[in-house]
Amino acid sequence: MTVRYLKQGKAASERAEDDAKVRSLVEITLKDIETRGDAAVRELSEKFDNFSPPSFRLTESEIEAAMSKVSARDMEDIKFAQAQIRKFAEAQRASMTDIEVETLPGVFLGHRNIPVQSVGCYVPGGKFPMVASAHMSVLTASVAGVPRIAAAAPAQKGVPHPAIVAAMHLGGAHEIYVLGGIQAIGAMALGTETIQPVDMLVGPGNAFVAEAKRQLYGRVGIDLFAGPTETMVIADETVDAEMCATDLLGQAEHGYNSPAVLVTNSEKLAKATLEEIDRILKILPTTETASISWRDYGEVILCDTYEDMLDVANDIASEHVQVMTDRDDWFLDNMHSYGALFLGPRTNVANGDKVIGTNHTLPTKKAGRYTGGLWVGKFLKTHSYQRVTTDAAAAEIGAYCSRLCMLEGFVGHAEQANLRVRRYGGQNVPYGVAAE
């Protein structure tokens with residue numbers, strides 16, 4: 001396999017140093033929230049968001065007041081996006097069925113899909129108010145049947161962001177908090193005097209939010225370990241440089257450390273895309289962010305063959321993978337590590353981020369090797385059960401169980417089985433001896 005980098009991003013060692021600083025700060029902050037509760041949360045909100053209301057939870061009247069500020073067109077667009085996301089989430093939920101099978105006469109095994117009982121949904125709102133994230137987390141949890149959905153987003157210029165509040169409310173949030181950053185994550189996970197802890201945290205965020213979720217994992221469930229937004233464009237000469245450059249920079253504007261990678265087998269396209277990126281960065285309103293992200297994390301990888309392109313793409317396992325080639329379905333059939341695929345030039349990552357219906361909370365930092373993104377199934381726990389309904393089945397299974405327990409030296413386990421063999425099978429099995 002021959003692979004050449006026409007442009008390469010920051011070294012992994014530099015990224016690791018940044019991660020260590022974030023990790024230390026988050027650990028100290030979470031400990032403070034756990035120790036001092038509301039007081040710590042309020043201090044953090046004042047410091048980072050200049051926001052300190054009587055209560056961080058919005059009342060019904062405050063929700064109505066915020067929603068009244070949303071224009072009719074914006075409200076219509078929010079409802080359209082939520083309709084698309086709901087349709088897909090409902091179809092996914094319908095694919096997950098409870099089962100019960102009779103594996104032997106009188107032996108029934110099954111499972112039930114039960115919603116997580118409380119979820120905290122974080123919606124970023126720092127540099128960009130991520131209205132769509134409310135659809136992706138709150139609405140999807142609602143479709144799953146989660147009975148308590150708490151949602152949090154930071155204030156914007158001292159007030160709740162009206163469109164975010166509208167999206168949370170319409171999506172089905174039961175509690176809406178105007179809180180951002182580590183303080184929101186910590187308050188929802190650990191609980192305070194005024195905020196009940198949740199069982200699970202979901203939603204994207206900056207490096208501090210992602211690290212807070214990572215440190216809290218185990219104490220609560222999380223959707224996935226999320227890092228900065230990543231995008232990859234896999235392209236050949238069936239598309240032009242403008243499309244490749246636009247799709248790369250469209251995601252690079254997320255933050256200063258958002259990897260954007262072009263993988264191609266066309267040196268002509270690669271060089272033209274580099275030139276096109278320089279041109280667009282001069283006119284892009286978000287160039288201050290996108291240019292730094294592209295400078296430090298942008299990459300252009302030139303491959304000899306489509307097979308090489310596939311291998312590179314699977315190894316990187318990018319969050320978003322835009323495929324624009326003469327064999328898009330081949331990539332669909334053979335890609336195995338990614339967050340979400342966007343197939344063909346008529347498709348684009350922004351559609352997935354905002355409106356088309358698939359979820360935009362996706363795995364980053366190579367996590368696509370072992371998990372998919374947020375979906376309705378993440379809010380459901382699949383629990384198994386067993387039922388033995390006849391004496392004969394209890395005795396038969398019990399005898400096998402007794403012998404296998406004794407094989408491992410678990411006498412107490414064996415006695416659980418032996419007791420059933422004696423009572424329901426009529427066999428006189430001596431105490432602490434394997435059944436016949």
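## A guided tour, starting at a strand pair

Start by selecting Y5 and I301: I301, in β11, is the bridge partner of Y5. You are looking at a predicted model, so keep that in mind at each stop. Now extend your selection to the two strands around this pair. Strand β1 and strand β11 (residues 298-303) run antiparallel to each other, and four bridges join them.

**Stop 1: the six-stranded sheet**

Next, show the rest of the sheet that these strands belong to. It is an open sheet of six strands, in the order β1-β11-β10-β9-β12-β13, and its pairing is mixed. Look at the two ends of that order. The edge strands are β1 (3-7) and β13, and each has a single partner strand, so one side of each has no neighbour in the sheet. Turn the view to follow the twist, which averages 20° from one strand to the next. What holds such strands together? Strands of a sheet pair through backbone hydrogen bonds, in either a parallel or an antiparallel way.

**Stop 2: the second largest pocket**

Keep β13 selected, and add α4 and α14. Which elements each supply at least two residues of the lining of the second largest pocket? They are α4 (72-95), β13 (340-343) and α14 (349-354). Of the lining, α4 gives the most, with four residues. The space in this pocket comes to about 390 Å³. To find its centre, select G339, A340, T358, N359 and L362, which are the closest to it among the 24 lining residues. Try colouring the lining by residue type: twelve of its residues are nonpolar, twelve are polar and none is charged.

**Stop 3: the three-stranded sheet**

Now select residues 99-104, 107-115 and 380-388. These are the strands β2, β3 and β14. Together they form an open sheet in the order β2-β3-β14, with antiparallel pairing. Here β2 and β14 are the edge strands, each pairing on one side only. The twist in this sheet averages 20° from one strand to the next. Zoom in on β3 and β14, which pair in the antiparallel sense over nine bridges. For one bridge to look at, pick L109 and its partner Q386 in β14.

**Stop 4: the cavity**

How many cavities of 30 Å³ or more does the structure hold? There is one. The largest cavity has about 50 Å³ of space. Select its lining: A153, P154, P160, H161, I164, V165, M168, I176, Y177 and V178. Both α6 (162-171) and β6 (175-178) supply at least two residues of this lining. Colour by type again, and you will find nine nonpolar residues, one polar and no charged.

**Stop 5: a pair of rings**

The model has three aromatic pairs by the rule used here. One of them joins Y217 and F225: the ring centres are 5.5 Å apart and the planes stand at 85°, so the pair counts as edge-to-face. Are these two residues buried, exposed or partly exposed? Y217 is partly exposed, with a relative accessible area of 49%, and F225 is also partly exposed, at 34%.

**Last stop: the whole protein**

Zoom out and show everything as a cartoon. The protein has 16 helices and 14 strands. Its C-alpha trace spans about 85 × 60 × 45 Å along the principal axes. Finally, colour by accessibility: of the 436 residues in the protein, 50% are buried.

Conventions
Residues numbered from 1 in each chain as written. Predicted model: local features only at pLDDT ≥ 70, side-chain atom pairs only at ≥ 80, totals over all residues. Heavy atoms only, no water. Pairing = 2+ DSSP bridges. Axes fitted to C-alpha atoms, helices over the stretch in contact; angles between N-to-C directions. 1 Å grid on protein atoms, 1.4 Å probe; cavity = no way out; pocket = protein on both sides within 12 Å on 5 of 7 lines; lining within 4 Å. Points joined across faces, edges and corners; volume = space filled by probe spheres on them. Nonpolar A, V, L, I, M, F, W, Y, C, P; charged D, E, K, R; others polar. Phe/Tyr/Trp six-rings, centres within 6.5 Å; stacked < 30°, edge-to-face > 60°. Buried < 20%, exposed > 50% of the residue type's maximum accessible area, 1.4 Å probe, protein only.
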